[in-house]
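Got your viewer open? Let's take a short tour, one selection at a time.

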Amino acid sequence: MKPFILALLLLLLFCTYKTQAQTTNLMYIDSQGRMRWTKDKTEVYLFGVNYTVPFAYGYRSMKALNKDIEKEIDEDTYHMARIGVDAFRVHIWDTEISDSTGNLIDNEHLKLFDYLLYRLKQRNVKIIITLEAFYGDGYPQKDLKSNGFSAVYGKEHAGTNETAIKAQEKYINQLLLHVNPYTKASYKDEPFIIAAELNNEPAHNGPKSGVTAYINRLIAAARGAGWTKPLFYNISQNPFYADAVAKSGVNGFSFQWYPTGLVAGHEQKGNFLPNVDRYHIPFDTIPEFKNKARMVYEFDAADVLQSCIYPAVARSFKQAGFQWITQFAYDPMGNAYANTEYQTHYLNLAYTPPKAISYLIASRAFHLMPRKDYGTYPADSIFDAYHVSYNANMSEMNTPDEFYYSGTTTTAPSNPAKLQHIAGVGSSPIINYKGYGAYFADKLENDVWRLEVMPDAITVRDPFAKPSPQREVVHIQWADQSMQISLNDIGNDFDIKAINIGNAYTTTATNGSFTIKPGTYLLIKKGHSAAKWTADKMVGYLGLNEFVAPQPFSHEPFVRHTPPVEVTAGKAITINAKVINIGTDDKVTLIVGRAYGRPMTIPMTANTVYDYSATVPAELVTSGTLSYTIQVQQHDKYLSFPGGHEGDPTAWDYLNTDSWQTFVAAPDGNLSLFNATADREFANTFSMSYGRGTGAQFISGEQTGQLAFKASVQSTRKSQEMGLQLYIGGKLKDRLPEVANYSKVTLRARMQTGEAGKLRIALITNDASSYAAYIDLTDQYKDIEIPLSAFKPDSLLSLPRPYPGFQALWFKPASYSGLSVQKLDKLEITTVNDADEPGKPYGVEVESVLLEK
């Protein structure tokens, strides 16, 4: 198609879009680029998730687990609505529903996607569909063989190969004209599909004019099918082509944000609120970028279990002008026990209750909080009615109507008499709960509330490590737990009546206290009738008696324990563990090895249903290494952990040697903040130089068996930072308060290039106050003592490196609280290039950093 003909067609189609969009569609984009509801002209704010069960691994995993996929969708969409989801986006795996020429294939994947859209509509969830995924359907497995056009041409040729573009035009036309058999509406006419993103994360190449022309052809294909709604295109994936994208005829631009990187292979620990403090957009200088709508198609704080992040993300997105936010990705309940779908992401109401409640708070914040600048962390930890806390691992929402908290809090509701909705994990001044699941309390009328209690969720393994369907990471347990509710509305002796199917439990509170099991209930003031609240009633878009929750995956005993990194000799220590799948008569015993004689056995005390503890006496905590196991005895069966090995570890013929070990330091001994040999797996490294022998890597140190962190480049240039950041809070906590008054660090390092140079070392506290010292190095390894008084306020690196890469690398807090050993959270080591002499080789090696008295 010749350029002038295409331009004329686009103009005609744009006029049609402008005319119809403001009359028949639920949403339109005004002249300032703001999405508005057609009905009342108010601004659109929607907060939701991606969810992939109809396609790819999500689909295959449900099949492998013999799940009814439509039932899975029913249950997951209920939970989504329960935590405030009102937006849904997913990239359609076109490779599974198309042939090589772009014809749409009406198969089970498309049918399930239709069913999902139908169920989402019933929950009042608005939808943006991304028309093409552009890649295979394998991850985390190998791609399956496909005849779809994406499999034939690949992402790199999709925008330049004429046959590939024609296939996309045909596919887009047929997809938008496809009629959903459940809603009886085509995609182009379905009102709840309020917009579309043309494709997912394109990989553009070639001239910029070709990119603009390609996008305009896809626009023409959509408009030619009768599509009158906004069209978005990804501008953040390929910043070099941002101006070419902006010059196209799209109505808005899509962005993503992964502020803690992706696929660490383990849980990331430390304070990441600085990573989500602000979303930077570098395209404001492009004239065509202005007055276009902005959406976030994917975001997540990957590899992070903390429940303080999502509300801060919502705040930053609203400040940046976004109106549509969808997290990637909500885990299906059917495989969330193992987190196999996307190991770097993990969000599910049943399996990650603190994160799910934090997500609910984020959704409400995004909808309700004013769009303004809330300052810089830590000043923005409290914003409007919301509060996030890294140290408490919690977020809160506190308004007269709604009180939500993702962990135990001492905050009192702002107006208890006006409360309509409560949701939480743990306890608060109005609900005291001993369980480990989420709960929701919603007022139905005066004297009647609806209570929903999820089963306990116990994290038993790192959910971000290598996944397997055989590896349970969070264990679900249906246990009776104690609860106390203090609401003047229903008094202290209210009735509790189960209403979900299959649950006949009833009881009466005494002084507000009662025993509860997972399910949905009515809480009824004594003497009040709740007869009108029948099972068929709806509460918003939730059924009054709805309740879904998974059953336990495993039934074998298991012990989850993280040993202290380092303790001090001569001081008693407490060993804590979570133990699942045991009976009330089963015994849990701590078995501590001794230098001479038989191990000491110490009975462990059950503090809750799952939490056990025992104290190792001071005389056993001697300088060196403390080795111990935890034994579970069920009648005459013994299991020893770690490992779950059968047999009694105190028996003479017990052969297994697995044990937990803790380093026992001599009194006033040094504390290791960084050792390259021990810490390489968990250190976040960063380099802007890649190539053989350069960048950030771990190599052999000066002595056999010792590694060193090396950062090097062949030719330096300005702003070529390289470095390392390591969470150290866990190393200090069991040596406090002894090391609180230590006054220096000792760095063992050298320059690698045969010349003198500098190195920067920073100590970062748990409120993101960074203090740095700049050290002169020679080409010989030396132990360099640095007094803590030499560390001065400085910026810190945002590591893992946020994506997209145009986000800020350095962060400076709003204030500094003072350098305190007790508050240390992270250690940072960075290179210092000489900007006055670019082009020189540069390399530094660091073996260790010690905290000393």
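In which loop is Tyr 187 found? Select Tyr 187 and have a look: it sits in the loop between α7 and β6 (193-197). Keep in mind as you click around that this is a predicted model.

**Stop 1: Tyr 187**

Is Tyr 187 buried or exposed? Its relative accessible area is 1%, and buried means under 20%, so Tyr 187 counts as buried. Now show the side chain of Asp 114 as well: the side chains of Tyr 187 and Asp 114 make a polar contact at 2.5 Å. Beyond its neighbours within four places in sequence, Tyr 187 is in contact with a whole list of residues, including Leu 110, Phe 113, Ile 129, Leu 176 and Trp 227. Leu 175 is another one of those contacts. Try the distance tool on the C-alpha atoms of Tyr 187 and Leu 175: you should get 7.3 Å, for two residues that are 12 apart along the chain.

**Stop 2: helix α7**

Next, select residues 162-177, which make up helix α7. From first C-alpha to last, these 16 residues reach 23 Å, close to the 22 Å expected at 1.5 Å a residue. Just before the helix, click Asn 161, which caps the N-terminal end of α7. A side-chain oxygen of Asn 161 lies 2.9 Å from the backbone nitrogen of Thr 163.

Now colour the buried residues of α7: Ala 164, Ile 165, Ala 167, Gln 168, Tyr 171, Ile 172, Leu 175 and Leu 176. Why do they end up on the same side of α7? Because they cover an arc of only 155° around the axis. Show α4 (94-97), α6 (149-157) and α8 (208-224) too, since these are what the buried residues of α7 pack against.

**Stop 3: a small sheet**

Move on to β16, β21 and β24, 3 strands that form an open sheet in that order, with antiparallel pairing. At the edges stand β16 (431-433) and β24 (513-516); each has a single partner strand, so one side of each is left without a neighbour in the sheet. The twist from one strand to the next averages 25°. Zoom in on β21 (residues 481-485), which 4 bridges join to β24. Here you can spot Met 483 standing opposite Phe 514 in β24.

**Stop 4: Thr 662**

Last click: Thr 662, in strand β38 (residues 660-665). With 1% relative accessibility, Thr 662 counts as buried. A polar atom of its side chain lies 2.9 Å from the backbone oxygen of Pro 564. Thr 662 also touches residues farther than four places away in sequence, among them Pro 563, Val 565, Gly 624, Leu 626 and Tyr 628.

Note on methods
Residues numbered from 1 in each chain as written. Predicted model: local features only at pLDDT ≥ 70, side-chain atom pairs only at ≥ 80, totals over all residues. Heavy atoms only, no water. Pairing = 2+ DSSP bridges. Helix = DSSP H or I, 4+ residues; strand = E, 2+ residues; numbered from the N terminus. Axes fitted to C-alpha atoms, helices over the stretch in contact; angles between N-to-C directions. Expected span 1.5 Å × (residues − 1). Buried < 20%, exposed > 50% of the residue type's maximum accessible area, 1.4 Å probe, protein only. Arc of directions from axis to C-beta. Contact = heavy atoms within 4.5 Å. Polar contact = N/O pair within 3.5 Å; in protein donor to acceptor, adjacent residues only side chain to side chain.
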